[in-house]
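User: I am in my first year and would like to learn how to read a protein model step by step. Could you go through some questions with me?

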Amino acid sequence: MLKVEDIFTHMPVLETKRLVLRPLSLDDAQDMFAYARDPLVSRYVPWEVHRGIEDTFAYLNTVVEDQLAGRVSNWAVVSKAEDRMVGTAGYVWWQPEHSKAEIGYVLARRLWGQGLMSEAAKTIVDFGFTRMELNRIEARCFEENIGSARVMEHCGMTFEGRFRDYLRVKGDFCTFRFYSILRREWEEKLC
């Protein structure tokens with residue numbers, strides 16, 4: 001059985017038609033702060049809007065520590081057209097003993113609706129089935145986050161249900177939509 005550190009100690013660079021997914025670094029602070037300070041971007045994520053660049057550095061320091069320790073992590077999503085980091089996508093958690101994991105992602109608002117996050121998410125789903133040997137990949141979003149639900153659907157995920165008042169986020173109980181894709185469903189889509 002694979003171990004988390006077998007995959008995430010040296011995160012590979014992944015590439016799509018319009019994107020490069022690479023490990024995050026402290027050099028990404030300015031690009032990340034540009035979207036993380038946007039209240040509309042932080043509306044449907046568990047983290048607070050970044051009030052200053054120090055918030056962004058604190059987050060990036062945690063990510064870099066996770067990468068060095070071989071823990072699951074996000075990739076920087078880099079737009080080839082802009083040659084800059086415009087979001088993150090990656091794994092929230094991974095349970096190798098159960099061959100399942102959860103993905104998460106965020107993208108700068110000015111790029112919403114262009115299919116970029118669906119492109120990135122499909123790539124990390126493919127990575128999960130091919131490199132992490134997963135049987136199940138999960139994702140969830142706030143009930144009202146239709147854009148995120150569409151990303152999951154574009155990845156071939158199936159809606160599994162609503163979990164009412166599932167988590168308290170920023171002081172409020174929030175209902176989430178849950179999605180998943182199984183290895184056999186992913187393999188059928190390849191044919």
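The questions and answers below concern aromatic rings, cysteines and one strand of this predicted model.

User: How many aromatic pairs does a search of the whole structure find, and which two parts does the pair of Phe163 and Phe178 tie together?

Analyst: The search of the whole structure finds twelve aromatic pairs. One of them is formed by Phe163 and Phe178, whose rings are 4.2 Å apart centre to centre, with 35° between the planes, and this pair is tilted. Phe163 lies in one strand and Phe178 in another, so the pair ties together parts that are 15 residues apart in sequence, namely strand 7 (residues 158-169) and strand 8 (residues 172-182).

User: Is Phe178 buried or exposed?

Analyst: Buried means under 20% relative accessible area. Its partner Phe163 has a relative accessible area of 40% and is partly exposed. Phe178 has a relative accessibility of 11%, and therefore counts as buried.

User: Which ring has the charged end of Arg177 over it?

Analyst: Two arginines can be considered here, and Arg140 lies over the face of Phe176, at 5.7 Å from the ring centre. The charged end of Arg177 is placed 4.1 Å from the centre of another residue's ring, that of Phe159.

User: How many disulfides does the count come to?

Analyst: A disulfide is a covalent bond between the sulfur atoms of two cysteines, and the cut-off used for such a pair is 2.5 Å. For Cys155, which is in no disulfide, the nearest cysteine sulfur is that of Cys141, 12 Å away. The sulfur of Cys174 also has its closest cysteine sulfur in Cys141, at 12 Å, which is too far for a bond. By this rule the count comes to zero.

User: How many residues of strand 3 are buried?

Analyst: In a regular strand the side chains alternate between the two faces of the sheet. In strand 3, Asn74, Ala76 and Val78 point one way, while Trp75, Val77 and Ser79 point the other way, and all are buried. Strand 3 (residues 74-79) is thus mostly covered, and the number of its buried residues is six of six.

User: Which residue in strand 4 is the bridge partner of Ala76?

Analyst: Strand 3 is joined to strand 2 (residues 19-23) by five bridges, and these two run antiparallel. Six bridges join strand 3 to strand 4 (residues 84-95), and this pair also runs antiparallel. In strand 4, the residue that is bridged to Ala76 is Thr88.

Technical notes:
Residues are numbered from 1 along each chain as its sequence is written. This is a predicted model: local features need pLDDT of at least 70, side-chain atom pairs count only at pLDDT 80 or more; totals for chains, interfaces and linings use all residues. Side-chain values use heavy atoms; hydrogens and water are left out. Rings of Phe, Tyr and Trp (its six-membered ring) pair if their centres lie within 6.5 Å; planes under 30 degrees apart count as stacked, over 60 as edge-to-face and the rest as tilted. Helices (H or I, at least four residues) and strands (E, at least two) are DSSP runs, numbered from the N terminus. Buried means under 20% relative accessible area, exposed over 50%, partly exposed in between (1.4 Å probe, protein chains only). A charge sits over a ring if NZ of Lys or CZ of Arg is within 6 Å of the ring centre and within 35 degrees of the ring normal. Two strands pair if DSSP finds at least two bridges between them.
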